[in-house]
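Work through the exercises below with the sequence and the model open. Each task is followed by a solution in steps.

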Amino acid sequence: MASHEQQDLVTRLERLERENRRLKQAGVLAVLLCCSAFLMGQVKTGQVKTGQVKPRTVRPVEAEQFVLKDIEGKKRAELLMEAGGPGLVLYDHEGNRIGRFGGVGEGNGAGLSLQGPGGSRVSLIFRQDGPHLLLFDTNGKFRTELGASAKGPYLFFNDPKEKGPRIALIIENDAPQLQISDQEGFTAVLGSNSLVSTKTKEVQRTTAASLLLFGKEREIIWRTP
(Lines give C-alpha, C1' and ligand atoms only; values in the text may rest on other atoms or scores of the structure.)
Protein backbone atom coordinates (compact mmCIF):
# COMPACT_ATOMS: atom_id res chain seq x y z
CA MET A 1 0.00 0.00 0.00
CA ALA A 2 2.79 2.42 0.82
CA SER A 3 4.55 1.53 -2.43
CA HIS A 4 1.43 2.43 -4.38
CA GLU A 5 1.14 5.85 -2.64
CA GLN A 6 4.81 6.59 -3.34
CA GLN A 7 4.32 5.81 -7.03
CA ASP A 8 1.29 8.10 -7.17
CA LEU A 9 3.30 10.91 -5.53
CA VAL A 10 6.13 10.54 -8.04
CA THR A 11 3.64 10.72 -10.92
CA ARG A 12 2.17 13.94 -9.52
CA LEU A 13 5.61 15.54 -9.14
CA GLU A 14 6.53 14.68 -12.73
CA ARG A 15 3.28 16.23 -14.00
CA LEU A 16 3.92 19.43 -12.01
CA GLU A 17 7.44 19.70 -13.43
CA ARG A 18 6.12 19.37 -16.99
CA GLU A 19 3.51 22.09 -16.35
CA ASN A 20 6.17 24.39 -14.87
CA ARG A 21 8.34 23.95 -17.97
CA ARG A 22 5.38 24.84 -20.22
CA LEU A 23 4.62 28.01 -18.17
CA LYS A 24 8.25 29.11 -18.37
CA GLN A 25 8.29 28.60 -22.14
CA ALA A 26 5.02 30.55 -22.53
CA GLY A 27 6.43 33.42 -20.41
CA VAL A 28 9.59 33.63 -22.48
CA LEU A 29 7.51 33.65 -25.68
CA ALA A 30 5.30 36.46 -24.34
CA VAL A 31 8.35 38.57 -23.44
CA LEU A 32 9.79 38.01 -26.93
CA LEU A 33 6.53 39.09 -28.56
CA CYS A 34 6.36 42.28 -26.47
CA CYS A 35 9.96 43.17 -27.32
CA SER A 36 9.31 42.55 -31.01
CA ALA A 37 6.24 44.80 -31.00
CA PHE A 38 8.17 47.58 -29.23
CA LEU A 39 11.08 47.36 -31.69
CA MET A 40 8.72 47.43 -34.68
CA GLY A 41 7.06 50.57 -33.30
CA GLN A 42 10.44 52.26 -32.91
CA VAL A 43 11.36 51.39 -36.50
CA LYS A 44 8.11 52.88 -37.85
CA THR A 45 8.62 56.04 -35.79
CA GLY A 46 12.13 56.40 -37.14
CA GLN A 47 10.87 55.95 -40.70
CA VAL A 48 8.32 58.74 -40.26
CA LYS A 49 10.92 61.08 -38.82
CA THR A 50 13.38 60.44 -41.66
CA GLY A 51 10.69 60.92 -44.32
CA GLN A 52 10.69 57.31 -45.51
CA VAL A 53 6.95 57.00 -44.83
CA LYS A 54 4.63 59.53 -46.49
CA PRO A 55 2.63 61.64 -43.99
CA ARG A 56 -1.12 61.40 -43.88
CA THR A 57 -2.81 63.55 -46.53
CA VAL A 58 -4.98 66.36 -45.09
CA ARG A 59 -8.12 66.92 -47.12
CA PRO A 60 -9.15 70.62 -47.49
CA VAL A 61 -12.56 71.86 -46.40
CA GLU A 62 -14.32 73.56 -49.29
CA ALA A 63 -17.37 75.82 -49.15
CA GLU A 64 -18.72 79.08 -50.56
CA GLN A 65 -19.52 80.59 -47.15
CA PHE A 66 -18.53 80.20 -43.49
CA VAL A 67 -20.55 81.90 -40.73
CA LEU A 68 -19.31 82.59 -37.18
CA LYS A 69 -22.03 83.05 -34.54
CA ASP A 70 -21.86 84.22 -30.93
CA ILE A 71 -23.24 82.45 -27.88
CA GLU A 72 -26.71 83.87 -28.62
CA GLY A 73 -26.71 82.45 -32.14
CA LYS A 74 -26.28 85.84 -33.86
CA LYS A 75 -24.05 86.16 -36.90
CA ARG A 76 -20.87 88.08 -36.01
CA ALA A 77 -18.47 87.20 -38.83
CA GLU A 78 -18.73 85.77 -42.31
CA LEU A 79 -16.17 84.44 -44.78
CA LEU A 80 -17.67 84.37 -48.26
CA MET A 81 -17.30 85.09 -51.97
CA GLU A 82 -18.69 88.46 -53.13
CA ALA A 83 -18.75 90.34 -56.45
CA GLY A 84 -15.39 91.95 -55.69
CA GLY A 85 -13.76 88.70 -54.55
CA PRO A 86 -13.30 86.81 -51.27
CA GLY A 87 -14.06 88.76 -48.12
CA LEU A 88 -14.14 88.54 -44.34
CA VAL A 89 -17.11 90.56 -43.05
CA LEU A 90 -17.68 91.58 -39.41
CA TYR A 91 -21.03 92.39 -37.75
CA ASP A 92 -21.96 94.04 -34.47
CA HIS A 93 -24.42 92.68 -31.89
CA GLU A 94 -27.35 94.20 -33.80
CA GLY A 95 -26.37 92.60 -37.08
CA ASN A 96 -24.98 95.78 -38.65
CA ARG A 97 -21.97 95.46 -40.93
CA ILE A 98 -18.97 97.09 -39.22
CA GLY A 99 -15.97 95.95 -41.23
CA ARG A 100 -14.68 94.04 -44.22
CA PHE A 101 -11.33 92.80 -45.47
CA GLY A 102 -10.89 91.16 -48.84
CA GLY A 103 -10.77 91.57 -52.60
CA VAL A 104 -12.13 94.63 -54.44
CA GLY A 105 -12.61 95.60 -58.05
CA GLU A 106 -13.48 92.14 -59.37
CA GLY A 107 -10.36 90.62 -57.87
CA ASN A 108 -7.95 93.32 -59.09
CA GLY A 109 -7.03 94.58 -55.63
CA ALA A 110 -7.51 94.30 -51.88
CA GLY A 111 -9.14 96.58 -49.34
CA LEU A 112 -9.98 97.16 -45.69
CA SER A 113 -13.21 98.94 -44.77
CA LEU A 114 -14.42 100.01 -41.31
CA GLN A 115 -18.01 101.20 -40.88
CA GLY A 116 -19.67 103.25 -38.17
CA PRO A 117 -23.24 104.33 -37.42
CA GLY A 118 -25.22 106.29 -40.00
CA GLY A 119 -23.17 105.21 -42.99
CA SER A 120 -19.81 106.69 -41.99
CA ARG A 121 -16.96 104.66 -43.37
CA VAL A 122 -13.22 104.66 -43.95
CA SER A 123 -11.80 102.46 -46.68
CA LEU A 124 -8.23 101.64 -47.55
CA ILE A 125 -7.98 100.21 -51.07
CA PHE A 126 -4.99 99.01 -53.02
CA ARG A 127 -5.34 98.62 -56.79
CA GLN A 128 -2.88 98.31 -59.63
CA ASP A 129 -2.64 102.12 -59.93
CA GLY A 130 -1.71 102.51 -56.26
CA PRO A 131 -3.21 102.86 -52.74
CA HIS A 132 -6.31 104.98 -51.98
CA LEU A 133 -7.80 106.14 -48.67
CA LEU A 134 -11.51 107.04 -48.86
CA LEU A 135 -13.55 108.81 -46.15
CA PHE A 136 -17.38 108.93 -45.99
CA ASP A 137 -19.43 111.14 -43.66
CA THR A 138 -22.27 110.07 -41.34
CA ASN A 139 -24.71 110.30 -44.26
CA GLY A 140 -22.66 107.90 -46.35
CA LYS A 141 -21.44 110.67 -48.69
CA PHE A 142 -17.97 110.37 -50.23
CA ARG A 143 -16.09 113.40 -48.88
CA THR A 144 -12.30 112.87 -48.87
CA GLU A 145 -9.78 110.87 -50.88
CA LEU A 146 -6.04 110.52 -50.41
CA GLY A 147 -4.07 108.52 -52.91
CA ALA A 148 -0.83 107.88 -54.74
CA SER A 149 -1.18 107.02 -58.40
CA ALA A 150 1.50 106.41 -61.01
CA LYS A 151 1.41 110.14 -61.92
CA GLY A 152 1.80 111.31 -58.32
CA PRO A 153 0.02 111.82 -54.97
CA TYR A 154 -3.24 113.74 -54.54
CA LEU A 155 -5.76 114.91 -51.92
CA PHE A 156 -9.43 115.65 -52.73
CA PHE A 157 -12.17 117.25 -50.61
CA ASN A 158 -15.65 116.74 -52.11
CA ASP A 159 -18.87 118.66 -51.51
CA PRO A 160 -21.88 117.03 -49.79
CA LYS A 161 -23.61 116.54 -53.15
CA GLU A 162 -20.67 114.50 -54.51
CA LYS A 163 -20.39 116.67 -57.64
CA GLY A 164 -16.63 116.63 -57.63
CA PRO A 165 -13.79 117.98 -55.48
CA ARG A 166 -14.11 121.47 -53.98
CA ILE A 167 -10.43 121.46 -53.02
CA ALA A 168 -7.78 119.43 -54.81
CA LEU A 169 -4.08 119.26 -54.03
CA ILE A 170 -2.22 117.42 -56.77
CA ILE A 171 1.34 116.63 -57.74
CA GLU A 172 1.18 115.30 -61.28
CA ASN A 173 4.42 114.43 -63.05
CA ASP A 174 6.35 116.58 -60.51
CA ALA A 175 4.07 119.57 -61.20
CA PRO A 176 2.25 120.84 -58.04
CA GLN A 177 -1.23 122.35 -58.20
CA LEU A 178 -3.85 123.64 -55.74
CA GLN A 179 -7.39 123.96 -57.08
CA ILE A 180 -10.35 125.57 -55.30
CA SER A 181 -13.91 125.54 -56.70
CA ASP A 182 -17.29 126.77 -55.48
CA GLN A 183 -20.82 125.54 -56.14
CA GLU A 184 -21.36 128.09 -58.94
CA GLY A 185 -18.46 126.76 -61.01
CA PHE A 186 -15.79 129.43 -60.41
CA THR A 187 -12.31 128.00 -59.92
CA ALA A 188 -8.94 129.26 -58.76
CA VAL A 189 -5.81 127.33 -59.66
CA LEU A 190 -2.50 128.00 -57.97
CA GLY A 191 0.54 126.28 -59.38
CA SER A 192 1.49 124.48 -62.55
CA ASN A 193 -1.26 124.11 -65.11
CA SER A 194 -1.59 123.23 -68.81
CA LEU A 195 -3.24 125.86 -71.00
CA VAL A 196 -4.27 125.24 -74.61
CA SER A 197 -4.34 128.20 -76.99
CA THR A 198 -7.69 128.57 -78.77
CA LYS A 199 -5.96 129.85 -81.91
CA THR A 200 -2.81 127.79 -82.30
CA LYS A 201 -3.86 124.80 -80.12
CA GLU A 202 -0.43 124.95 -78.52
CA VAL A 203 -0.06 123.72 -74.94
CA GLN A 204 1.52 126.16 -72.50
CA ARG A 205 2.66 124.97 -69.09
CA THR A 206 2.52 127.53 -66.30
CA THR A 207 4.93 127.60 -63.34
CA ALA A 208 4.25 126.83 -59.70
CA ALA A 209 4.05 130.62 -59.06
CA SER A 210 1.10 131.07 -61.43
CA LEU A 211 -2.45 131.92 -60.38
CA LEU A 212 -5.39 131.47 -62.74
CA LEU A 213 -9.05 132.31 -62.20
CA PHE A 214 -11.66 130.50 -64.29
CA GLY A 215 -15.32 131.36 -64.91
CA LYS A 216 -18.31 129.06 -65.05
CA GLU A 217 -17.46 127.97 -68.60
CA ARG A 218 -13.81 127.32 -67.72
CA GLU A 219 -12.77 130.55 -69.46
CA ILE A 220 -9.83 132.45 -67.99
CA ILE A 221 -11.04 135.64 -66.33
CA TRP A 222 -7.71 136.57 -64.75
CA ARG A 223 -4.17 135.24 -64.51
CA THR A 224 -0.73 136.11 -63.23
CA PRO A 225 1.96 136.00 -64.40
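**Exercise 1: aromatic pairs**

In this predicted model, the count of aromatic pairs comes to two. Task: classify the pair Phe136 and Phe142 by the distance between ring centres and the angle between planes.

Solution. The ring centres of Phe136 and Phe142 are 5.4 Å apart, and their planes stand at 35°. Ring centres must lie within 6.5 Å to pair, and planes under 30 degrees apart would be stacked, over 60 edge-to-face. The pair of Phe136 and Phe142 is therefore tilted. Phe136 has 16% relative accessibility, so Phe136 counts as buried.

Task: classify the pair Tyr154 and Phe156 in the same manner.

Solution. The centres of these rings, Tyr154 and Phe156, lie 4.9 Å apart with planes at 35°, so this pair is tilted. Next, take the accessibility of each partner. Tyr154 has a relative accessible area of 11% and is buried. Phe156 has 21% relative accessibility and counts as partly exposed, because buried requires under 20%.

**Exercise 2: two glutamines**

Task: decide whether Gln177 is buried or exposed, and state which residues it touches beyond four places in sequence.

Solution. Begin with the location: Gln177 is in strand β11. Its relative accessible area is 15%, so Gln177 is buried. Leaving out residues up to four places away in sequence, the contacts of Gln177 include Ala168, Leu169 and Ile170, and also Val189, Leu190, Gly191, Ser192 and Asn193. For Ser192 there is a polar detail: a polar atom of the Gln177 side chain lies 2.9 Å from the backbone oxygen of Ser192.

Task: decide whether Gln183 is buried or exposed.

Solution. Gln183 sits in the loop between β11 (175-181) and β12 (187-191). Its relative accessibility is 66%. Exposed means over 50%, so Gln183 counts as exposed. Along the chain, Gln183 and Arg166 are 17 residues apart, and their C-alpha atoms are separated by 8.1 Å.

**Exercise 3: a nonpolar surface patch**

Task: find which strands each supply at least two residues of the nonpolar patch.

Solution. List the members: Val61, Phe66, Leu79, Leu88, Leu90, Ile98, Phe101, Leu112, Leu114 and Leu124, with about 910 Å² of accessible area together. The strands that each give at least two of the patch residues are β3 (85-91), β4 (97-104) and β5 (109-115). As a check on one member, Leu88 lies in β3. Leu88 has a relative accessible area of 39% and is partly exposed.

**Exercise 4: the whole chain**

Task: state how many helices and strands the protein chain has, and what share of its residues is buried.

Solution. The chain has one helix and 16 strands. Of its 225 residues, 21% are buried.

Definitions and conventions
Residues are numbered from 1 along each chain as its sequence is written. This is a predicted model: local features need pLDDT of at least 70, side-chain atom pairs count only at pLDDT 80 or more; totals for chains, interfaces and linings use all residues. Side-chain values use heavy atoms; hydrogens and water are left out. Helices (H or I, at least four residues) and strands (E, at least two) are DSSP runs, numbered from the N terminus. Buried means under 20% relative accessible area, exposed over 50%, partly exposed in between (1.4 Å probe, protein chains only). A polar contact is a pair of N or O atoms within 3.5 Å; within protein, one must be able to donate a hydrogen and the other to accept it, and residues adjacent in sequence count only if both atoms are side-chain atoms. Contact means heavy atoms within 4.5 Å. Patches are made of residues with over 30% relative accessible area and no salt bridge: like charges are joined within 9 Å, nonpolar side chains (Val, Leu, Ile, Met, Phe, Trp, Tyr) within 5 Å. Accessible areas come from the Shrake-Rupley method with a 1.4 Å probe; for residues, only the protein chains shown count as cover. A salt bridge is a side-chain nitrogen of Lys or Arg within 4 Å of a carboxyl oxygen of Asp or Glu. Rings of Phe, Tyr and Trp (its six-membered ring) pair if their centres lie within 6.5 Å; planes under 30 degrees apart count as stacked, over 60 as edge-to-face and the rest as tilted.
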